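This report covers a single protein chain, going from individual residues to strands, sheets and the chain as a whole. The sequence and the model are shown here.

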Amino acid sequence: MSSDSYQEKIIAFNGELLYFRLTKARLTDGETDRTSELLFKRMAFNESTGRFETKSEGKSSIIQGTSNIEIMCCSSATDARTGMLVPCILLKQYKTKRASFRYALLIVHGSNNLEPHMEFKLQYELKDNVTLLKGPTVLWSHGETVYFTSLKTGKVLSVPIQLPCVQLIGELQGKGIVILGSRKCMTEEHGDAQSDQVVWGSEFVGYFLEIEKTFNAAAFLPHAYSSAVTCMFIDTAEELDNQLKSAVVAATTKNQLIWFEGGIPKDVCQLPFEGPQKIEKATTGREDSLFVVTFDCGYVCSVWKEGWQVASSWQGIQSLHIDDFVHCGTDQVLLLFETSNAEDIFENYTVTDLFEITYSSNVEKSEDVNDDSAVQDNHLLTVQALEARLQSGLASFQELQQQLEVKDRVLSQSSMALTSLIQGKECALSKAEEEGLVSLWEEETCTEIANGEVLSVSKDLPEFVEKVWQRVVDDSWVVGVKLTESACLSLDDVSLSLLMDQDICTAPAVIQSQSNVLQFSKSPFSVPFPQCQAEPLAKKTRLASERSGGDSGTSYIEKSCSEFHRSQTQTVTTVTDLSPLLAFSNLNCSVMLRATINTFHKVSLRAGTPVVFQCSRVSLNLEDISLGKYYPKLLNNSKLATEDASEDLFALIAVSRKWSFQIHSHNHTLGDLNDWLLGQMQCQRAGVNPDYLLCNNQGASGVILFNWKTKSAFDGTLHILCRSQAVLLKCLHSLSGILPPSCEIKYLKLGRKKDLADSLASALEKELLMLRDSISSLVNKTNMDFTVRVRSKNSRPTSTAASLDAKAQLQHFREEFALDQELSSLGMSSEVDGGICKRVIKNLSAVQLDVDRVAWGLCKSYSLFMDP
């Protein structure tokens, strides 16, 4: 037996490369059988050497007999038995004389073993659209029919619709395997002669394999494009209100790459080559995405998703792979170029993300690529800087417009006030705080409290409050204050309190309430213009190196803090019981904001200075409550994405208690808990923040908010916000029914801030009491008393001072004073028992450890409601 050729295939899997090499053999004189060898390697990229190195390898011998063996395709698919993603390879064995084809699907395990998964036979050869998907399931098209088989079906089955042209065979989250293709329109099936299908003569249809359902695929592509599209990629797809919302990228026969949203073309990019065959997506380190298009004859190009322009193009590509090869958290593109060396397929390759990462096996080519990359990076940095300046200019322009509007209003009101004064009429003017004005007089604003304490606010303080709102949720009254960006940078330890007016009682009474600070990413409706982007890292480094020695590091810290808060919105809420307040038909309260100035504040106030000022005034009456004026509208329509809806969400979070559970599965992957929440729990996504799912089956008192954060396929954290522990137990009972038996659920004891603050106070009090008792117990009272008693008995004179003369009395007093000094010194220098000291230190360390644990939990609770 002698070998005459090789067949090689490569797939990217978990940041590594799986390299398959099938050694073909042919018969020689005197041989009746022949054997082929399948070699496979796991290769990882080494950044220090810039090479792919072999981590492990294995091989398997395959007896061919009189047939030929080839590798049809290889890919990664989900194993239905374990729920894990595994590499798969499909082999074809055929006999030319009998014209029969036998196919074998093998699975590669982590132990470098090949497991024969299934086999099937066909009377024809697989050529078009051979795809390996979850199961693993093998799908292909032959003629106008799509066929599939898996270990579950046990035989070859066909899709019940005829598709002369198949554009996509893939998977959709929540729907499983989907098949999309075009076919000629049947006029008798469409009674409307004006429909798109009839007008264009073709229709775009789809088929869900697992639920066996045919559907109109116009939500992905219009029927007019069905015959012109050669390949497509589904970026996002989700079902909202029984309608499929999708974002699709498709390549046409006119060499165009088109972006579709909801079946409507939104943007077009002209491709540099002809014959697009495949579209893949890569998430790069530029916080953007690349769509990589593969063409005939070894051509490849990439297109930026943000600008929808061609980013780069390559020629002579043998194969292309996308994965995180350098393990930086983002994707890179691996380009394997065609080489004349058949023994080494990795002779010429490039790993790049078209931004910061570029590695090449060829030194000369690497220099060229680095030069091109440097030019492209400079271009990108320049564009980013110009974009940042443009957005900063737009924000400044908007601020000037707002100031001009305030100026016009003040002038108009001043003119009306002057006219009214001349005519002898009264004119009500708005407060300066409401217009964002600052007094020009040299005075300080102060608020007198009932107990005589005066807390003042400096005249240099900027306006901190953007809006004040209120909601009534069941039996709770929620008042919220939305802070400005300057408040997020300048204030710490922010809290709210409500003060009743004096007409209700003789002195302003503070309403008992619970304050909390909530923080989310800014919603699109809250910013008319995009926020200014941070300048590129390279530009920051250059500016930092050019900065003079006199610059202070504080400005850099303030800039970093400002960039962090720029994309955040912070709201302070206070919650109080509504029932005691309903005794007043009309309730008027002042909203007081309490905080401390931090080190980033630029006015003359010292860091840590407490400030208190009145934000606004709120009123509440029974009529408004009965009419539902302050009822959260988000409970009636969860799809609302307005500013009022965000306030509703803040109110629901403020009145709820949060429980966090860590869910971990050892042997099986966790299913998508969002399917359970949207299905069995009948939740709906909050339009103002899709990370939260709202369940409102039992009214305002039974509202539940869910937040599912996936860390990996086997681990995640579920946050549940509700007011009733009974509702929580029902949710956990339902959750345990859908999780694997080996799944572990761990309760994260973070708690609420108020509970943790009380626990911290109790722990500190316990530590102080133990410290006090321990110090007194360390003194060895027994030894000291014994020594003092013996020395007193043996040393004190027996005679009394009355029986002595004056000189002897003086000497007697001197001896007693010296003895008292000696005893006092002896008592202060008493030794401490070592055993008692060890026990005291051990007990005190345990108490201090509890204090540190509670303090850590309290600090952790401040980030519970941060936007994921």
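## Phenylalanine 295 and its surroundings

In this predicted model, phenylalanine 295 has a relative accessibility of 4% and therefore counts as buried. Buried means under 20% relative accessible area, exposed over 50%, and partly exposed in between, with a 1.4 Å probe and protein chains only. The residue belongs to strand β22, residues 289–295. Helices (H or I, at least four residues) and strands (E, at least two) are DSSP runs, numbered from the N terminus.

Leaving aside residues up to four places away in sequence, phenylalanine 295 touches Leu271, Phe273, Glu274, Gly275, Pro276, Gln277, Val300 and Cys301. Contact here means heavy atoms within 4.5 Å. From phenylalanine 295 to proline 276 the separation is 19 residues in sequence, while their C-alpha atoms are 4.3 Å apart.

## Numbering and confidence limits

Residues are numbered from 1 along each chain as its sequence is written, and side-chain values use heavy atoms, with hydrogens and water left out. Because the model is predicted, local features need pLDDT of at least 70 and side-chain atom pairs count only at pLDDT 80 or more, whereas totals for chains, interfaces and linings use all residues.

## Unusual backbone angles

Most residues other than glycine have a negative phi, and most peptide bonds are trans. Cysteine 297, not a glycine, has a positive phi of about 60°. This cysteine sits in the loop between β22 and β23 (300–304) and is exposed, at 69% relative accessible area.

Tryptophan 308 also has a positive phi, of about 55°, without being a glycine. Its place is the loop between β23 and β24 (310–314), and at 2% relative accessibility tryptophan 308 is buried. A cis peptide bond joins glycine 135 to proline 136, with omega near -10°. Proline 136 lies in the loop between β9 (128–133) and β10 (137–142).

## Strands β17, β18 and β19

Strand β17 (residues 229–240) pairs with β18 in the antiparallel sense over ten bridges; two strands pair if DSSP finds at least two bridges between them. Valine 229 has threonine 252 of β18 as its bridge partner. The two strands form a hairpin with two residues between them, and aspartate 241 in the turn has a positive phi of about 55°.

Strand β18 (residues 243–252) is mostly covered, with seven of its ten residues buried. Its antiparallel pairing with strand β19 (residues 256–261) runs over five bridges, and alanine 251 is matched with leucine 257 in β19. Three residues separate the strands of this hairpin, where asparagine 255 takes a positive phi near 60°.

## Two open sheets

Strands of a sheet pair through backbone hydrogen bonds, either parallel or antiparallel. One open sheet has four strands in the order β5-β6-β7-β8, paired antiparallel. Its edge strands, β5 (68–78) and β8 (114–122), each pair on one side only. The twist from one strand to the next averages 20°, where axes are lines fitted to C-alpha atoms, for helices over the stretch in contact, and angles run from 0 to 180 degrees between N-to-C directions. Strand β7 (residues 100–108) is joined to β8 by eight bridges in the antiparallel sense, and leucine 106 stands opposite proline 116 in β8.

Another open sheet of four strands follows the order β34-β33-β37-β38, again with antiparallel pairing. Here β34 (510–511) and β38 (610–621) are the edge strands, each pairing on one side only. Two bridges link strand β33 (residues 491–500) to β34 in the antiparallel sense; leucine 498 is opposite isoleucine 511 in β34.

## Helix α8

Helix α8 has 13 residues (643–655) and an end-to-end C-alpha distance of 19 Å, which agrees with the 18 Å expected at 1.5 Å a residue. The expected span is 1.5 Å times one less than the number of residues. Eleven of the 13 residues of α8 are buried, among them Phe650, Leu652 and Ile653.

## Cysteines

The model has zero disulfides, a disulfide being a pair of cysteine sulfur atoms within 2.5 Å. Cysteine 73 is in none; its nearest cysteine sulfur, on cysteine 74, is 7.0 Å away. Cysteine 73 is buried at 15% relative accessible area, and cysteine 615 is buried at 18%.

## The chain as a whole

The protein chain contains 14 helices and 44 strands, and 41% of its 868 residues are buried. Of the contacts with a separation of 6 or more, 54% are between residues 24 or more positions apart.
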